Amino acid sequence: MTILTALLQGTKLLEDEAIAAPRLTAEVLLTHALQRERSYLYAHPEEELSEIAWIHYGRYFHERMKGKPTQYITGHQEFYGRDFRVTPDVLIPRPETEHLVEAAIARVQPRDIAVDVGTGSGAIAITLALETAAHVFATDISTAALNVAQANAQQLSASVGFLACDLVDAFPDHGINVLVSNPPYVPRTDQPSLQREVRDHEPHVALFAGPTGLEIYERLIVEASRVLRPHGWLLLELGYNSLDPVRAMLEHGWSDIDVIPDLAGYPRVLAARNL
């Protein structure tokens with residue numbers, strides 16, 4: 001079995017199973033099996049696969065066709081131009097969340113204390129630590145997620161303090177300049193309609209907020225008003241159709257409310273300043 005044949009057969013299998021981006025997925029799985037860069041596939045199309053590479057490639061395809069996300073198979077996901085380790089203990093970082101990071105970078109001042117709530121893989125906190133001169137902390141209720149985030153911070157040489165707690169319970173009143181979060185916001189009633197890759201493989205504690213999907217927003221906004229310094233910033237990633245109810249939660253005690261759309265034009269980030 002040559003590299004080219006393996007790539008073509010893999011692409012066809014994924015197409016038959018209606019897997020998104022079949023060619024790209026086949027390339028990623030094959031490079032992972034070979035432990036090579038994607039360019040190697042096209043530079044050496046006639047190279048024969050070793051038995052061990054063929055075994056790994058077949059196993060990866062079996063996992064992907066059963067719904068396991070490619071990122072959990074390879075253990076990697078790019079975010080803001082950096083490679084992050086991901087496991088089923090953390091959500092896979094999405095490109096849309098880079099809008100949240102960019103909004104935070106625009107508001108963070110040198111030596112600010114910035115906190116990423118529900119850090120998961122650490123993608124937001126680590127990016128802020130590497131892109132700004134802030135003192136960055138990150139929290140998560142999942143110690144397994146914090147282990148992944150700490151490993152990413154070490155790998156990327158990012159100075160981030162990690163705390164296991166619920167939201168910002170570990171922080172004193174009025175001690176934070178910028179609070180950033182991509183919180184759980186999927187209503188539990190939406191669970192049956194989610195893609196199987198998300199529903200069956202990503203951690204539910206990081207996905208589902210409760211019956212309405214607004215429960216974590218409600219708690220976090222109350223806590224943010226406690227821990228943020230006067231004129232400190234709160235930045236939240238928004239879920240589908242959550243803009244109006246979340247903005248209504250900020251009617252009292254908040255100013256400079258700004259809504260930032262993603263590339264598709266959907267409201268993706270809400271920023272507000274504590275009075």
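Which residues does Thr-119 touch, not counting residues up to four places away in sequence? The tour of this predicted model starts with that residue and then proceeds to helix α4.

**First stop: Thr-119**

Select Thr-119, which sits in the loop between β3 (113-117) and α7 (123-131). Next, display the residues that Thr-119 touches: Ala-125, Ala-138, Thr-139, Asp-140, Leu-146, Ala-149 and Phe-162, with residues up to four places away in sequence not counted. Thr-119 has a relative accessibility of 7%, and buried means under 20%, so this residue counts as buried. Add Asp-116 to the selection: its side chain and that of Thr-119 are joined by a polar contact of 2.7 Å.

**Second stop: helix α4**

Now select residues 51-65, the 15 residues of helix α4. From the first C-alpha to the last, α4 reaches 21 Å, close to the 21 Å expected at 1.5 Å a residue. Within this selection, highlight Ala-53, Tyr-57, Tyr-60, Phe-61 and Arg-64, which are buried. Turn the view to look down the axis of α4: the buried residues fall within an arc of 100° and therefore line one face of the helix.

To see what covers these buried residues, show the surrounding elements, among them α1 (3-16), α2 (22-34), α5 (70-74) and α9 (196-199). Then rotate to the face of α4 turned away from its buried side, where the exposed residues Glu-51, Ile-52 and His-62 are found.

**Last stop: Gly-67**

Finally, select Gly-67, which follows α4. The phi of Gly-67 is positive, near 105°.

Methods: Residues numbered from 1 in each chain as written. Predicted model: local features only at pLDDT ≥ 70, side-chain atom pairs only at ≥ 80, totals over all residues. Heavy atoms only, no water. Helix = DSSP H or I, 4+ residues; strand = E, 2+ residues; numbered from the N terminus. Expected span 1.5 Å × (residues − 1). Buried < 20%, exposed > 50% of the residue type's maximum accessible area, 1.4 Å probe, protein only. Arc of directions from axis to C-beta. Contact = heavy atoms within 4.5 Å. Polar contact = N/O pair within 3.5 Å; in protein donor to acceptor, adjacent residues only side chain to side chain.
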